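Trainee: I would like to go through the terms used for this model. Please set each value against its definition.

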Amino acid sequence: MKPQNDGQIGENDFIGRLKKQDQSAFKQLVNTYKDQVYNTCLGFLKNPHDAEDVAQEVFIQIYDSIDDFREEATLSTWIYRIAVTKSLELIRYRKRKKRSGFFQAMSSVFSEPDEEADESGYMHPGVKLENKERAAVLFNEIEQLPERQRIAFTLQKVEGLSYQEVADVMKLSIPAVESLLYRGKENLKKQLSSYYQQNELD
C-alpha cells in the first residue's frame, strides 16, 4: 500500500511534503495506512480498544519523528516497524505489570473485571465465521511463540507480508526470516497437536 503517487519519485515527493508538516499529506497518510496500522496492532494485541489506542500513538510518532526517517526502507516498512514496536511495548508493559502484581492481583480480586483486558472475544477481521473456533485456538498458540517467531509469523501469515517485507520490517535477511517461520511452524505443530487429536476424537 502506497500513497496516491506510485513509484519512488512519487513516494519521495510525498515524504518531502510530510517533512514540511503538510497537513493534507498527513491526512492522506492516515487515510492510506490507517487500516494497515490498525490490523497490525490488532494482530499483536488481540484487543480492538488497545489496537485503536496504539494505532493513534503510531501516527503521533510518525508526525513527531518523520524528520528522522532516513528513507533506507520504504515508508510502508517504516510504519510497520513503528506499529510492531508500539504493540510489543504495550505487551511487555502489561507483562511487567503482571509480574510485579502480587498485591495488584490481590486487589483485582475485589475489583470489577477489566473489560479492555478481555481478549477472549478477539478475532482478526480476516477470519471467516466458520473458522473462528480454530482461529481462536491458533491465535492463542501464536501468543505462546518466542517473540521473534511471533513477529515473523504474524506479519507473514496473518498480515500477508512477503518474506522480503518481513525481512525489511525486522531488519533481518530473508533466510533468517525463513528460519524463524520454520521454527514457528514447528512449535505451533507441537502446541496444536493435542488440540487436533482431541477434536478428531470428538
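Mentor: Start with contact: two residues are in contact when heavy atoms lie within 4.5 Å. Among contacts in the protein chain between residues at least 6 apart in sequence, 66% join residues at least 24 apart. This is a predicted model, where local features need pLDDT of at least 70 and side-chain atom pairs count only at pLDDT 80 or more, while totals for chains, interfaces and linings use all residues. Residues are numbered from 1 along each chain as its sequence is written, and side-chain values use heavy atoms, with hydrogens and water left out.

Trainee: How many helices and strands does the protein chain have?

Mentor: There are 9 helices and 0 strands. Both are DSSP runs, numbered from the N terminus: helices are H or I with at least four residues, strands are E with at least two. The order from the N terminus is α-α-α-α-α-α-α-α-α.

Trainee: Why is Val169 called buried or exposed?

Mentor: Buried means under 20% relative accessible area, exposed over 50%, and partly exposed in between, with a 1.4 Å probe and protein chains only. Val169 has 7% relative accessibility, so Val169 counts as buried. The residue is found in helix α8. Across the protein chain, 39% of the 202 residues count as buried.

Trainee: Which residues does Val169 touch?

Mentor: Leaving out residues up to four places away in sequence, Val169 touches Thr77, Tyr80, Arg81, Val84, Leu155 and Leu161. Ile82 is 87 residues from Val169 along the chain, and their C-alpha atoms are separated by 9.2 Å.

Trainee: Which residues of α7 are buried?

Mentor: They are Gln149, Arg150, Ile151, Ala152, Phe153, Thr154, Leu155 and Gln156. After α7 comes Gly160, with a positive phi near 80°.

Trainee: What makes the second largest pocket a pocket?

Mentor: On a 1 Å grid over the protein atoms alone, a pocket is an open set of points with protein on both sides within 12 Å along at least five of seven lines. A cavity, by contrast, is a set of points where a 1.4 Å probe fits but cannot get out. Lining residues have an atom within 4 Å of a point. The second largest pocket holds about 320 Å³ of space. Of the 16 residues that line this pocket, the closest to its centre are Arg81, Val84, Thr85, Leu88 and Val169.

Trainee: Which helices supply the lining of the second largest pocket?

Mentor: α4 (75-99), α7 (147-158) and α8 (163-170) each supply at least two residues. The largest share, 9 residues, comes from α4.

Trainee: What classes of residue make up the lining of the second largest pocket?

Mentor: Ala, Val, Leu, Ile, Met, Phe, Trp, Tyr, Cys and Pro count as nonpolar, Asp, Glu, Lys and Arg as charged, and the others, Gly among them, as polar. By that rule the lining has 7 nonpolar, 2 polar and 7 charged residues.

Trainee: Why does Gln21 count as partly exposed, and Lys171 as exposed?

Mentor: Gln21 has 31% relative accessibility, so Gln21 counts as partly exposed. Lys171 has 64%, so Lys171 counts as exposed. Gln21 lies in the loop between α1 (7-19) and α2. Lys171 is found in the loop between α8 and α9 (174-201). Gln21 is not a glycine, yet its phi is positive, about 60°. Lys171 is also a residue other than glycine, with a positive phi near 55°.

Trainee: Where is the kink in helix α2 centred?

Mentor: The kink is centred on Tyr33 and is about 50°, within residues 23-45. The bend at a residue is the angle between axes fitted to the seven residues ending there and the seven starting there.

Conventions: Grid points are joined across faces, edges and corners, and a volume is the space filled by probe spheres set on the points.
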